[in-house]
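I opened this one with a fresh page and a short list of things to look up. Here are my notes, entry by entry.

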Amino acid sequence: MKKSRILGAGHYVPERIVTNEELSKMMNTTDEWIVERTGIHERRWFTPGVDTVTNMSAKASRLAMERAGVEAKDIEFIVFATITSDYFLPGNGVLLQRELGLSGIGAIDIKNACSGFIYALSVADQFIRSGMYKKILVVGAEIQSSALDKSDEGRSSAVIFADGAGAVILGAVDQEQHGILSTHLHADGSFAEELYCIAPSSSGKVRISQEMIDRGDFFLKMNGNAVFKHAIVRFMEVIQEALDHNGFTKDDLDLLVPHQANLRISQYIQQKLQLADEKVFNNIMYLGNTTAGTIPIALSQAWEQGRLKEGDLVCLAAFGSGFAWASALLRW
């Protein structure tokens with residue numbers, strides 16, 4: 001049986017840098033308030049008319065293909081993780097397929113928000129293990145800034161979320177070679193309304209109405225305390241699950257790449273696991289939370305910075321809307 005391995009990673013973030021000082025002019029907040037609660041100093045927001053989920057993901061994908069030594073014609077399938085597709089329908093997978101000139105290959109979308117990329121990676125991994133495909137493009141990309149309530153009422157989420165895209169090329173390798181060792185997926189829908197966006201909705205008389213706009217149904221709603229409380233528990237559980245499943249301990253880890261939800265969450269997990277700074281990768285300080293984009297962007301940057309080396313034991317972990325959480329353990 002074949003297994004899958006990340007052959008290359010790429011990313012793209014918009015050029016527009018939004019500082020905490022800029023946000024303080026939009027809402028009642030300060031640089032100190034934001035840094036204390038989130039660890040974020042700046043983030044990237046898209047430029048309307050310039051950036052789209054499709055073209056950002058295409059740039060990330062081309063870089064991933066270049067680093068993997070793979071041509072577009074080698075890609076057999078696309079798994080696209082996003083909750084902010086350019087259209088309500090179709091999904092963004094087919095839009096990226098068209099952008100890359102990959103007519104005819106299949107594409108599916110994963111709508112699992114913050115844990116979406118690991119879910120997407122797991123789906124692609126199963127396709128490769130089954131022998132159905134040999135090379136799959138896996139993407140996580142979002143434009144969140146257009147769904148943020150940039151008023152005092154929405155500041156707790158408006159200061160966190162950002163825009164960007166990341167991609168990896170997943171390829172089939174022999175069982176004894178490095179690659180994805182296991183993935184672990186979980187969810188609990190009883191907490192769905194703790195982090196969600198109501199509209200547009202298919203369950204009303206119309207998907208879009210003036211009432212929805214007036215109520216702010218298009219804005220992201222988040223119960224920050226509930227998310228933090230559950231995240232620190234589920235992160236620990238799913239990381240330990242991945243290690244236990246493969247017979248490793250935290251001391252065997254070379255790098256933990258957590259979803260960039262909040263620097264305080266990542267620091268809490270690092271402290272509990274007693275991991276040195278060089279064993280945890282964080283970039284939320286200057287990129288914010290790009291939802292499904294955080295982990296592939298982090299992988300691309302970690303590789304650029306020389307923090308991912310051949311044979312490293314790497315754990316990916318995520319928690320977010322759903323609530324859904326997931327982990328993946330791999331040999332780089």
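**Entry 1: salt bridges**

I started with the charged pairs in this predicted model. My search returned 12 salt bridges in the structure. As a reminder to myself, side chains of opposite charge can pair when their charged atoms come close.

I looked up Arg 234 and Glu 237 and found their side chains joined in a salt bridge, 2.8 Å from N to O. Both residues belong to helix H8, where they sit 3 residues apart, about one turn of the helix. How exposed is Arg 234? I read a relative accessibility of 23% for Arg 234, so it counts as partly exposed. Glu 237 is also put down as partly exposed, at 40%.

Salt bridges with shared partners link Glu 71, Lys 73 and Asp 74 into one network. Within it I noted the Glu 71 to Lys 73 bridge, at 3.8 Å from N to O. Glu 71 has a relative accessible area of 47% and is partly exposed, while Lys 73 is exposed at 66%.

I also checked Arg 37 and Glu 36, whose side chains form a salt bridge at 3.7 Å, N to O. Arg 37 comes out as partly exposed, with 38% relative accessibility. Glu 36 is exposed, at 56%.

**Entry 2: nonpolar cores**

Next I went inside. In soluble globular proteins, nonpolar side chains tend to be buried together. The largest nonpolar core here has 40 residues, and Ile 239 and Leu 256 have the most contacts inside it. Which elements each supply at least two residues of this core? I listed helix H2 (31-38), helix H8 (224-245), helix H9 (263-273), strand E12 (313-320) and strand E13 (324-331). H8 gives the most, with 8 residues.

I then pulled the contacts of Leu 256, leaving out residues up to four places away in sequence. Leu 256 touches Ile 239, Ile 269, Leu 273, Leu 275, Lys 279, Val 280, Phe 281 and Cys 315.

There is a second core, separate from that one, with 36 residues. Its members include Phe 77, Tyr 133, Ala 292 and Ile 295.

**Entry 3: the five-stranded sheet**

I traced an open sheet of 5 strands next, and wrote down its order as E1-E7-E6-E4-E5, with mixed pairing. Which strands are at the edges? They are strand E1 (3-12) and strand E5 (106-110), each of which pairs on one side only. From one strand to the next, the twist averages 20 degrees.

I took a look at one pairing in detail. Strand E4 (residues 77-81) and E5 run parallel and are joined by 5 bridges. Phe 77 has Gly 106 of E5 as its bridge partner. I had already met Phe 77 as a member of the second core.

Two helices on the sheet went into my notes. Helix H3 (residues 53-68) packs on it and touches E1, E4, strand E6 (135-143) and strand E7 (163-173). The direction of H3 makes about 125 degrees with that of E1. Helix H11 (residues 294-304) also packs on the sheet, touching E1, E6 and E7, and its direction is at about 90 degrees to that of E1.

**Entry 4: Arg 67**

H3 led me to Arg 67, which lies in that helix. Arg 67 is partly exposed, with a relative accessible area of 23%. What does its side chain make a polar contact with? I found the side chain of Glu 304, at 2.5 Å.

Without residues up to four places away in sequence, the contacts of Arg 67 are Leu 7, Gly 8, Ala 9, Gly 10, Ser 300, Trp 303 and Glu 304. For a long-range check I picked Ser 321: it is 254 residues from Arg 67 in sequence, and their C-alpha atoms are 32 Å apart in space.

**Entry 5: Ser 201**

My last stop was the loop between strand E9 (195-196) and helix H7 (210-215), where Ser 201 is found. Is Ser 201 buried or exposed? At 14% relative accessibility, Ser 201 counts as buried, because the cut-off for buried is under 20%. The side chains of Ser 201 and Ser 203 are joined by a polar contact of 2.9 Å. Setting aside neighbours within four places in sequence, I found Ser 201 in contact with Val 206 and Arg 207.

Notes
Residues numbered from 1 in each chain as written. Predicted model: local features only at pLDDT ≥ 70, side-chain atom pairs only at ≥ 80, totals over all residues. Heavy atoms only, no water. Core = buried A, V, L, I, M, F, W, Y, C linked by side-chain atoms within 4.5 Å. Buried < 20%, exposed > 50% of the residue type's maximum accessible area, 1.4 Å probe, protein only. Helix = DSSP H or I, 4+ residues; strand = E, 2+ residues; numbered from the N terminus. Contact = heavy atoms within 4.5 Å. Salt bridge = Lys/Arg side-chain N within 4 Å of Asp/Glu carboxyl O. Polar contact = N/O pair within 3.5 Å; in protein donor to acceptor, adjacent residues only side chain to side chain. Pairing = 2+ DSSP bridges. Axes fitted to C-alpha atoms, helices over the stretch in contact; angles between N-to-C directions.
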